[in-house]
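Please look over the chain displayed here before reading the notes that follow. The briefing is meant to be read with the sequence and the coordinates side by side.

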Amino acid sequence: MTAEPGGGWDFSALEVSGRMPVTNRGEELMELTLEPLGEDYWLKPGETFVVTSYGDYGSGHPFEMQYWPDSVSVWCTSWFGTVSDDDGNQLSCGHQRPDGAYPR
């Protein structure tokens, strides 16, 4: 894995070990947290994001999930994971985060 200009990472050397769509079927904004780093992404009602796992995940499954009424946490059990929109565009942590989501 090497850094790309602009601060991104080049994942092309690692194999995709899994892809999982997450869709907000509710009527309110829903938080998707990508663990273990706690990156937050926010889905509008009806919107789908795709979590992609890269690298070896051992003898288990590439993902573990935890659900709450207004959020879902996805653990990539491989080397790392990314979140993209339904068109394949990689998203940045904090995507569509509402004002006041994490008061200091």
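The notes below move from the chain as a whole to its sheets, its core and a few individual residues.

The structure is a predicted model, and its protein chain contains nine strands and zero helices. Two open sheets are described here, one of four strands in the order β5-β4-β8-β7 and one of three strands in the order β3-β6-β9. The largest nonpolar core has 15 residues, and β3, β4, β5, β6 and β8 are the elements that give two or more residues to this core.

**The chain as a whole**

- Read along the sequence, the protein chain follows the pattern β-β-β-β-β-β-β-β-β, in keeping with a secondary structure of nine strands and zero helices.
- Of the 104 residues in the protein chain, 38% are buried, while the chain exposes about 6,800 Å², with carbon and sulfur atoms supplying 49% of that area.
- Among contacts in the protein chain with a separation of 6 or more, 59% are accounted for by residues 24 or more positions apart.

**The four-stranded sheet**

- The sheet with the order β5-β4-β8-β7 is open and has mixed pairing; its edge strands, each of which pairs on one side only, are β5 (39-43) and β7 (63-68), and the twist averages 20° from one strand to the next.
- Strands β7 and β8 (residues 71-76) run antiparallel and are joined by six bridges, and the hairpin that links β7 to β8 passes through two residues.
- Within this pairing M65 stands opposite V74 in β8, and Y67 stands opposite V72 in β8.
- S71, which also has its place in strand β8, counts as buried because its relative accessibility is 13%, under the 20% limit.
- Leaving aside neighbours within four places in sequence, S71 is in contact with M30, E31 and Q66.

**The three-stranded sheet**

- The sheet with the order β3-β6-β9 is open and its pairing is antiparallel; the edge strands are β3 and β9 (80-85), each pairing on one side only, and the twist averages 20° from one strand to the next.
- Strands β6 and β9 pair in the antiparallel sense over six bridges, and F49 stands opposite D85 in β9.
- D86 is found in the segment after β9, and this residue counts as exposed because its relative accessibility is 56%, over the 50% limit.
- Not counting residues up to four places away in sequence, D86 touches T48 and V50; D86 also lies 9.6 Å from V22, C-alpha to C-alpha, although the two are 64 residues apart in sequence.

**The nonpolar core and its contacts**

- Within the largest nonpolar core, L32, Y41, F49, V51, V74 and V83 touch the most other members.
- The elements that give two or more residues to this core are β3, β4 (30-35), β5, β6 (48-54) and β8.
- V74 touches M20, V22, L32, T33, L34, E35, V51, F63, E64 and M65 when residues up to four places away in sequence are not counted, and one of these, M65, is the residue that stands opposite V74 in the strand pairing.
- M20 lies in strand β3 (residues 16-23), and M20 is buried because its relative accessible area is 16%, under the 20% limit.
- Beyond its neighbours within four places in sequence, M20 is in contact with F49, V50, V51, F63, M65 and V74.
- The C-alpha atoms of M20 and P62 are separated by 9.5 Å, and the two residues are 42 residues apart along the chain.

**Cysteines**

- How many disulfides does a search of the whole structure find? The search finds zero disulfides.
- C76 counts as buried, since its relative accessibility is 7%, whereas C93, with a relative accessible area of 43%, is partly exposed.

Definitions and conventions
Residues numbered from 1 in each chain as written. Predicted model: local features only at pLDDT ≥ 70, side-chain atom pairs only at ≥ 80, totals over all residues. Heavy atoms only, no water. Pairing = 2+ DSSP bridges. Axes fitted to C-alpha atoms, helices over the stretch in contact; angles between N-to-C directions. Buried < 20%, exposed > 50% of the residue type's maximum accessible area, 1.4 Å probe, protein only. Contact = heavy atoms within 4.5 Å. Areas by Shrake-Rupley, 256 points an atom, 1.4 Å probe, with all protein chains shown as cover. Disulfide = S-S within 2.5 Å. Core = buried A, V, L, I, M, F, W, Y, C linked by side-chain atoms within 4.5 Å.
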